[in-house]
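These are my notes from working through the model, in the order in which I looked things up. I began with a helix, and then turned to confidence, cores and backbone angles.

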Amino acid sequence: MPKILLLFAHPRFERSRVNKALIEKVRKKDGVTFHDLYEQYPDFNIDVVMEKSLLANHDIIIWHHPFYWYSCPPLLKQWIDVVLEYKWAYGPEGNALQGKQVMSAITTGGTKKVYCAEGTNNYPVNEFLLPFEQTARLCGMDYLPPFVVMGTHSLPDQDLEAYTVAYDTAIDLLLDGVSETQLSKHAFFNQLPQLTNKNVK
Amino acid sequence: MSGSILFQAIIFLAGAIICVPIAKRFGLSSVLGYLIAGILIGPYVLGFVGEEGDDILHFAEFGVVIMLFLIGLEIEPKSFWKMRKSIVGMGGAQLIATLALSYAAFSYYGYDWKVSLVISMAVVLSSTAIVLQTLKEKGLMETNYGAASFSILLFQDIIVIPMLAIIPLLSSKDVSAIDTAGHEGESQTYLLDGLPIGVQGFAVILSVVLVILAGRYLFVPMLRLVAKAKVRELLSASALIIVLGLALVMELVGLSPALGAFLGGVVLATSEFKHELESNLEPFKGLLLGLFFMAVGASINFIIIADNPMMISGIVLGVILLKAVVIFGVAALFRLKMDQRLLLAVGLAQVGEFAFVLLSFAFQLNILDRAQLDMMLVVTAVTMTLAPILGMINERLILPRIGTKESEARTMDHIARSHKTILVGFGHFGSTVGRFLRSHGIEATILDHDSNRVDLLRKMGFEVYYGDATRPDLLESAGIEEAELLISAVDNPDTTLTLVELVREKYPHVKIMARAKGRYDAYELLNMGVQNVYRESLESSVKLASDVLAHMGFRKYSIMRQAQNFIKYDEESLRRMADQPKDTEEYIFKAREEIQQQEKLLEDDLKRGIIDDDHHWDSAEMRRQKGKLK
């Protein structure tokens with residue numbers, strides 16, 4: 001069975017209702033290594049050697065973070081900057097990550113309505129995620145459709161519960177293996193029929 | 001049989017030593033153990049103790065006084081003021097209902113109205129000694145039920161005073177004609193006797209004010225002075241003198257000594273000597289209370305029981321039932337949960353020690369005759385003996401059948417308290433620790449042994465307690481049994497080691513975080529099994545070195561990274577070197593190796609990310625890569 005490395009970056013985790021619920025649901029699952037970056041490196045001093053060995057030991061990487069200013073919180077960016085080393089993750093002989101899968105799991109305050117050509121943010125979420133997609137591609141990894149929870153500010157409790165169940169199912173699917181063709185049909189991981197059956201909008 | 005005082009002391013102590021552990025073994029409260037010990041050594045079983053049991057009873061009542069002082073110490077004036085409604089409300093309701101019902105019952109059985117009234121007054125009162133001792137032993141003081149018990153008991157302690165004032169009015173005998181031979185304080189001539197009621201009332205208020213002022217302006221400065229002498233037993237002596245003094249003043253104006261002691265305790269609750277006083281008085285209280293319970297046991301007159309078994313058991317059952325029903329009703333009125341109601345009703349159903357005082361007083365005034373007095377004294381002693389047994393039956397057999405249990409009583413408050421932290425040493429190091437913790441709402445219990453500094457810090461608004469933290473009793477009164485964390489911020493390395501050794505041995509559940517002066521102290525602490533060791537100079541010296549480098553033109557961000565790494569590698573090396581024998585060639589060799597290794601790691605870190613030949617971002621290279629990936 002493949003192993004998942006859940007890289008979680010949230011500078012104000014204690015205040016986040018949605019992320020607390022999502023993380024609580026999946027952090028102890030079999031096959032999942034939960035790695036809380038802000039708890040591990042409060043001083044931003046990332047242990048590159050350890051991070052590289054963690055990556056080597058896992059097949060699927062999830063970048064789980066709130067969507068801040070159309071991007072990730074700074075520690076995850078720092079992680080990308082220092083861990084994905086030249087001649088290791090990319091460049092000549094840089095094939096340590098070849099063939100691994102990456103998925104972004106993000107939460108946004110804005111609803112789907114504001115993230116589109118007509119909305120106040122002008123572009124859909126997937127376009128804002130392009131840097132992550134390209135980063136993955138440059139390292140020879142497959143970038144999967146993102147798992148997205150939108151409109152967190154006004155998310156009712158029962159919807160949140162449905163999202164946690166969907167996240168749980170998504171991780172099960174990843175561990176069991178999902179076909180590329182099925183994935184390529186959807187903009188969001190949430191839209192997979194296996195997840196939508198669980199009543200997630 | 002009982003000659004010398006030595007012999008008596010041995011009998012009482014031996015009784016306690018034998019019976020209490022046995023009672024504990026069977027899961028009974030220590031109170032019951034003492035009571036049984038008293039019955040055994042009393043005149044009707046082994047006969048070691050005869051009539052003098054009564055004198056011991058009065059002597060040992062001083063244990064109740066000390067206990068109320070200690071309870072006062074734990075109640076800050078603010079929270080005492082918050083309790084006023086429940087004290088007057090629950091206490092008042094219990095008084096009126098019990099008095100009325102009991103009066104009706106005794107009148108119904110043909111007792112004279114004066115006799116019924118006096119007996120009913122005695123019946124109203126529950127045993128502060130038994131109930132509070134049991135509550136403390138089980139750690140239930142903080143629950144709703146504990147607070148309610150305490151409120152009612154405190155009200156009873158206050159109400160005893162007017163009761164003692166009313167009883168003489170019932171007597172046909174001239175009050176002033178009573179001789180002062182009675183052994184009770186209450187039957188002595190008071191300073192205030194013969195003065196008009198108004199003046200007496202004024203004197204009572206004045207004495208309460210006096211206690212409050214003395215607490216602030218006499219006791220605390222006195223304790224500070226004594227603390228400076230650094231002779232430990234003087235502090236014990238001062239503690240005793242305070243309690244004795246309070247009791248004496250209260251007796252002189254005709255107030256209950258227990259109440260005076262309680263007030264004194266409340267006044268001193270916010271002082272820095274709180275824990276010091278607690279740890280000094282605790283053994284006295286324990287022994288005297290034990291003695292008191294044994295004396296109660298010894299005073300049970302089995303001949304009277306044997307003569308009228310039906311009547312005595314009838315009254316005992318009737319009284320317990322009546323009190324329990326009334327208290328259950330009061331608890332329901334004040335919206336306690338079902339299980340709390342039951343605990344309270346059963347807990348307070350006995351007749352208390354003040355009944356001895358009231359009844360003897362009424363006997364001297366010819367309101368009660370000898371037979372009535374003896375009967376009620378036996379009833380009182382028997383209900384007190386039954387109290388712990390009933391409590392046990394309630395807890396084991398009845399409560400488990402009733403839905404709610406303790407878990408509901410645990411609030412957020414309880415969670416906050418379960419993270420209890422003790423901070424030892426409040427100098428430059430400790431005060432910084434304490435301030436930062438406080439900014440996050442964590443109020444550690446702070447101990448320091450320098451009385452001058454404690455005084456100063458308290459003036460600056462810190463809640464610091466005076467005392468030597470290497471004494472187990474002081475740590476215990478600071479609450480180490482329930483503590484999760486002990487922070488040692490002590491300056492003297494030897495004291496630190498003594499403290500750590502003590503805590504690790506006696507309270508292994510407590511996590512220790514310790515300040516170390518330097519590398520060698522850190523080694524010792526690590527070798528003692530302390531995981532969290534903080535060298536006081538490490539961070540600031542690295543910070544200084546970083547600033548030097550910055551001054552010379554190095555980029556600050558890179559230096560900060562390297563400083564963090566330096567500290568990390570140094571901590572790791574410290575742990576590797578901890579168990580190496582020091583002062584040897586080998587140690588120096590190893591240390592040199594460690595330093596070299598550390599410098600190499602830092603150099604590697606500095607080079608990390610510096611890439612000289614990364615053409616990866618050139619457009620040509622990008623195109624080539626893209627073609628390769630496709």
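**Helix α12 of chain B**

I looked first at α12(B), where a kink of about 40 degrees lies at B:Leu281, shortly before the proline B:Pro283. This is a predicted model, and I read every value below in that light. I then checked the length of α12(B), residues 274–298: at 1.5 Å a residue its 25 residues should span 36 Å, and the end C-alpha atoms are 35 Å apart, which agrees. For its surroundings I counted burial and found that 20 of the 25 residues of α12(B) are buried, so the helix is largely enclosed by the rest of the structure.

**Confidence**

I noted that the mean pLDDT of chain B is 81, with 88% of its residues reaching 70 or more. Over residues 175–189 of chain B, however, the pLDDT is below 50, and this stretch has 21 contacts in the model beyond near neighbours in sequence. Residues 404–418 of chain B also have a pLDDT below 50, and there I found eight contacts beyond near neighbours in sequence. For the complex, the predictor gives an ipTM of 0.74 and a pTM of 0.60.

**Cores**

Which residues touch the most other members of the largest nonpolar core? Among its 161 residues they are B:Ala122, B:Phe292 and B:Leu358. Helix α8 of chain B, residues 144–170, gives the most to this core, with 13 residues. I followed B:Phe292 further and, leaving aside its neighbours within four places in sequence, found it in contact with B:Leu57, B:Ala60, B:Glu61, B:Gly63, B:Val64 and B:Ala129. A second, separate core has 49 residues, including A:Ala9, A:Cys72, A:Leu84 and A:Ile106.

**Helix α14 of chain B**

I repeated the length check on α14(B), residues 309–333, whose 25 residues reach 36 Å from the first C-alpha to the last, close to the 36 Å expected at 1.5 Å a residue. Its buried residues include B:Ile315, B:Val316, B:Val319, B:Ile320 and B:Lys323, and further along B:Ala324, B:Val326, B:Ile327, B:Val330 and B:Ala331. I kept the helical repeat in mind when reading that list: an α-helix has 3.6 residues a turn, so residues three or four places apart point the same way. When I asked what the buried residues of α14(B) pack against, I found α5 (84–108), α6 (113–124), α8, α15 (338–347) and α17 (370–398) of chain B. Just after α14(B), B:Arg335 takes a positive phi of about 60 degrees.

**Chain A**

I then turned to chain A, which has nine helices and six strands, and in which 32% of the 201 residues count as buried. Of its contacts with a separation of 6 or more, 81% are between residues 24 or more positions apart.

Two of its loops held backbone angles that I wanted to record. A:Trp69, in the loop between β3 (60–66) and α4 (74–83) of chain A, has a positive phi of about 45 degrees although it is not a glycine. Is A:Trp69 buried or exposed? I found A:Trp69 exposed, because only 7 other C-beta atoms lie within 10 Å, where 12 or fewer is the cut-off. A:Lys87 lies in the loop between α4 and β4 (101–107) of chain A, and its phi is near 65 degrees, a positive value in a residue other than glycine. With 15 other C-beta atoms within 10 Å, A:Lys87 is partly exposed.

Conventions:
Residues numbered from 1 in each chain as written. Chains lettered and ligands numbered in written order. Predicted model: local features only at pLDDT ≥ 70, side-chain atom pairs only at ≥ 80, totals over all residues. Helix = DSSP H or I, 4+ residues; strand = E, 2+ residues; numbered from the N terminus. Expected span 1.5 Å × (residues − 1). Bend = angle between axes of the 7 residues up to and from the residue. pLDDT = per-residue confidence, 0-100. Contact = placed C-beta atoms within 7 Å. Core = buried A, V, L, I, M, F, W, Y, C linked by C-beta atoms within 7 Å.
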